[in-house]
Amino acid sequence: MKDIENMNRRISFLVTNIDPNVGGTERVTYTLYENFKTIGYTPFLIYCGKDNGQIPTSKKLKISLNSSADTISTSISNYVKKNSIDIIVVVNRLFHSAKYLKALRQVKKNTGTKLIFSLHAAPDNWVNKNTRELVLPKVYVKELIKSLIYKFWNPHFQSVRAAFNLSDRFLVLSDSYIKSFIDTYKIKNNVEKLIAVPNPVPFLDSYNKKEKDNIVLIVSRMQEDQKRIYAALKIWKCIAKNNKDWKLIIVGDGPDFSTYKNYAKDIDNIVFEGHSNNVSKYYRIAKVFMMTSIWEGLPMTLIEAMHYGCIPIVFDSFAAVHDIIDEEVTGFIIPNNDYWKYEKKLDCLLHDCVMQEKMCKNILSVTNRFSINNIMGKWKYELDKLI
């Protein structure tokens, strides 16, 4: 009887883009949208960016970024009432801004819908963790100035606190982030609103056991102030000449793409692929996955790469990395900013075929805690409690 009742429940995402090819967050949102019906919830989408032509018009509402809070509130309220939507999941931090919080406060008042805000990043992602040697100079200076300003006025702190206060539930991507969230944002009341639900792997196929190539892979947005690709290029520059039978493939686009290509023009065995609508084809052929981010939440590219048997090597710059990688069993977690250790560990891995084969087997033998079935079970538990 309960499942029949659930079928009448309706949920919508409020998200920037609904095109799954834009990035990891978009792939996750689309995957959840496609699977909510398996747990008895009819899904809808409210968005302001790139469309997805595969989604019926009746299941989506586009709002304008330039509209006033009152206009946005009216548009969303009418859509919620028309479709009897019970819950709105607020995905992107764009919607933590004062304008959208005002609009959503009014939507909640007008419709009674529940609001789940989410943070797809580590709670302390705005903390400056850079060292001068591992980040582009312009970003180092920018982050240094921001860290000084944040001592007096921190917009991240203010907006996330406001979103938490408005929420019925506030979602983080890992249990390890709950205490960090409470400490970072000085939460003293309503801590029971905090829930942890990881992102699922969006791919249904898996590594088919065919032989992989000598490829080190990076799949990332080309944006230095989070992804720190400059560090990866410096590391590869040091080991490329001693690993001529290996190739570094970089997939992705972004504001710093040209800067990276210019820096790498004299580095051996490196290929920039740009944006791809089919990243899984790279995961299938790569042996090693490289990540040097300053911060992450629960990075989809890392989870996706391991889904296809890629051996990850990652800086310890976000707490949830320990939820994903079992150190020296299913990958390597390098102390953050330890450039020398990262270089040596990667060089050692590329020369050790036995280690590569063993770690790939370890990765593929582990039960996938990020499978869509596992994650939808967590969503059902939290949504049923909220309703």
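Reader: Which helices each supply at least two residues of the lining of the largest pocket?

Author: Keep in mind that this is a predicted model. Four helices fit that bill: helix 2 (24-35), helix 5 (137-150), helix 8 (224-227) and helix 12 (300-307). Of these, helix 2 gives the largest share of the lining, five residues.

Reader: How many residues line the largest pocket, and which lie nearest its centre?

Author: The lining counts 50 residues, and G24, T25, R221, Q226 and K227 are the ones nearest the centre. As for volume, the pocket comes to about 1,200 Å³.

Reader: How do the lining residues divide into nonpolar, polar and charged? I'd like a feel for the chemistry.

Author: Here you get 21 polar, 16 nonpolar and 13 charged residues in the lining of the largest pocket.

Reader: On to the sheet. How should I read strand pairing?

Author: The general idea is that backbone hydrogen bonds pair the strands of a sheet, and the pairing is either parallel or antiparallel. In this structure, seven strands form an open sheet with parallel pairing, in the order 3-2-1-4-5-6-7. At the edges sit strand 3 (60-62) and strand 7 (194-196), each of which pairs on one side only. On average, neighbouring strands of this sheet are turned by 25° against each other, if you ignore direction.

Reader: Can we zoom in on one pair? How many bridges join strand 5 to strand 6?

Author: Three bridges do the job between strand 5 (residues 114-118) and strand 6 (residues 169-172), and the two strands run parallel. For a spot to look at, find S118: its bridge partner in strand 6 is L171.

Conventions: Residues numbered from 1 in each chain as written. Predicted model: local features only at pLDDT ≥ 70, side-chain atom pairs only at ≥ 80, totals over all residues. Heavy atoms only, no water. 1 Å grid on protein atoms, 1.4 Å probe; cavity = no way out; pocket = protein on both sides within 12 Å on 5 of 7 lines; lining within 4 Å. Points joined across faces, edges and corners; volume = space filled by probe spheres on them. Nonpolar A, V, L, I, M, F, W, Y, C, P; charged D, E, K, R; others polar. Pairing = 2+ DSSP bridges. Axes fitted to C-alpha atoms, helices over the stretch in contact; angles between N-to-C directions.
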